[in-house]
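User: I want the reasoning behind the labels, not just the labels. Please set each value against its cut-off.

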Amino acid sequence: MNTKVEDILNAQINKEFYSAYLYLAMSAYFDSIGLKGFSNWTKVQAKEEMDHGMIIFDYIIARDSKVNLQTIEAPDIVFDGPLNVFEMILSHEKEVTESIESVANLSEDECDKATRCFIDWYIGEQVEEEAGTLEVIKKLKMFGTECSMLYHLDKELTQRQYKSHNYHSIG
Ligand code: FEO
């Protein structure tokens, strides 16, 4: 793999682990305000983000290239209720989608067909992540601040379960 592709993939590892940190901060926040279901949803997402980072890590190694781990930024920890957090998630995931598209575009420009093919799984994953987030935002907007509905939504979000992914399972 050439250096440009190697660099953008290493930067993407950092973004995935930053995402995990961000979701963990959100999970702790939800826990602190007693929303266990929201806390579960964001904690499951944090684990998935770690998988996303590890899959790229293993891919770089499989291509006999160099993993270059960079400092993970501390997440913003100022949150203001479930709707604010989920709008923050959607905006964050849209940025990640752009970043994944940049990997796809660069691998095309550099004629790296293996990376172009590899990154397709992430393109599909981003569609799912944005859709799942939007679904929660729509419900939050519909319910407004009605406590009983928030209670039910929180219960619903306790059901999200972590499904692990790794480099071999996505192929
Ligand atoms: Fe790994 Fe939320 O994108």
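User: Why is C111 called exposed?

Analyst: C111 has a relative accessibility of 59%. Exposed means over 50% relative accessible area, buried means under 20%, and partly exposed lies in between (1.4 Å probe, protein chains only). C111 is over the upper cut-off, so it counts as exposed. Before we go on: this is a predicted model, where local features need pLDDT of at least 70, side-chain atom pairs count only at pLDDT 80 or more, and totals for chains, interfaces and linings use all residues. Residues are numbered from 1 along each chain as its sequence is written, and side-chain values use heavy atoms, with hydrogens and water left out.

User: And what makes C147 exposed?

Analyst: The relative accessibility of C147 is 62%. That also passes the cut-off for exposed, so the label holds.

User: How do you know that C111 is not in a disulfide?

Analyst: A disulfide needs a pair of cysteine sulfur atoms within 2.5 Å. The closest cysteine sulfur to that of C111 belongs to C117, and it is 15 Å away. That is too far for a bond. A search of the whole structure finds zero disulfides.

User: What else is notable about the backbone at C111?

Analyst: C111 has a positive phi of about 55° and comes just after helix 3. Helices here are DSSP runs of H or I with at least four residues, numbered from the N terminus.

User: How do you know that the length of helix 3 agrees with its expected span?

Analyst: The expected span is 1.5 Å times one less than the number of residues. Helix 3 covers residues 81-109, which is 29 residues, so it should span 42 Å. Its end C-alpha atoms are 42 Å apart. The two values agree.

User: What makes K4 and E110 a salt bridge?

Analyst: The rule asks for a side-chain nitrogen of Lys or Arg within 4 Å of a carboxyl oxygen of Asp or Glu. For K4 and E110 the N to O distance is 3.4 Å, so the pair qualifies. K4 lies in helix 1 and E110 in the loop between helix 3 and helix 4 (113-118), so the bridge ties together parts that are 106 residues apart in sequence. K4 is exposed at 51%, whereas E110 is partly exposed at 26%. As a general point, side chains of opposite charge can pair when their charged atoms come close.

User: Why do E48 and R160 count as a salt bridge?

Analyst: Their N to O distance is 3.5 Å, which is inside the limit. The pair links distant parts of the chain: E48 sits in helix 2 (residues 36-62) and R160 in the segment after helix 6, 112 residues apart.

User: Is E48 buried or exposed?

Analyst: Buried. Its relative accessible area is 9%, under the cut-off for that label. Leaving aside neighbours within four places in sequence, E48 is in contact (heavy atoms within 4.5 Å) with E125, E129, R160, Y162 and K163.

User: What makes D112 and R63 a salt bridge?

Analyst: The N to O distance is 3.2 Å, again inside the limit. D112 lies in the loop between helix 3 and helix 4 and R63 in the loop between helix 2 and helix 3, so the pair joins parts 49 residues apart in sequence. D112 is buried at 8%. R63 is partly exposed at 25%.

User: How many salt bridges does the rule give?

Analyst: Nine. E108, R116 and D120 are linked in a network of them.

User: Why is L157 called buried?

Analyst: L157 has a relative accessible area of 5%, so it falls under the cut-off. L157 is in helix 6 (residues 147-157). Not counting residues up to four places away in sequence, L157 touches G37, F38, N40, W41 and V136. L157 and V136 are 21 residues apart in sequence and 9.2 Å apart, C-alpha to C-alpha.

User: What makes Y21, L24, M50 and I72 a nonpolar patch?

Analyst: Patches take residues with over 30% relative accessible area and no salt bridge; nonpolar side chains (Val, Leu, Ile, Met, Phe, Trp, Tyr) are joined within 5 Å, like charges within 9 Å. Y21, in helix 1 (residues 3-32), is partly exposed at 42%, so it clears the area threshold. Together the four residues have about 320 Å² of accessible area, by the Shrake-Rupley method with a 1.4 Å probe, where only the protein chains shown count as cover.

Definitions and conventions. Helices (H or I, at least four residues) and strands (E, at least two) are DSSP runs, numbered from the N terminus.
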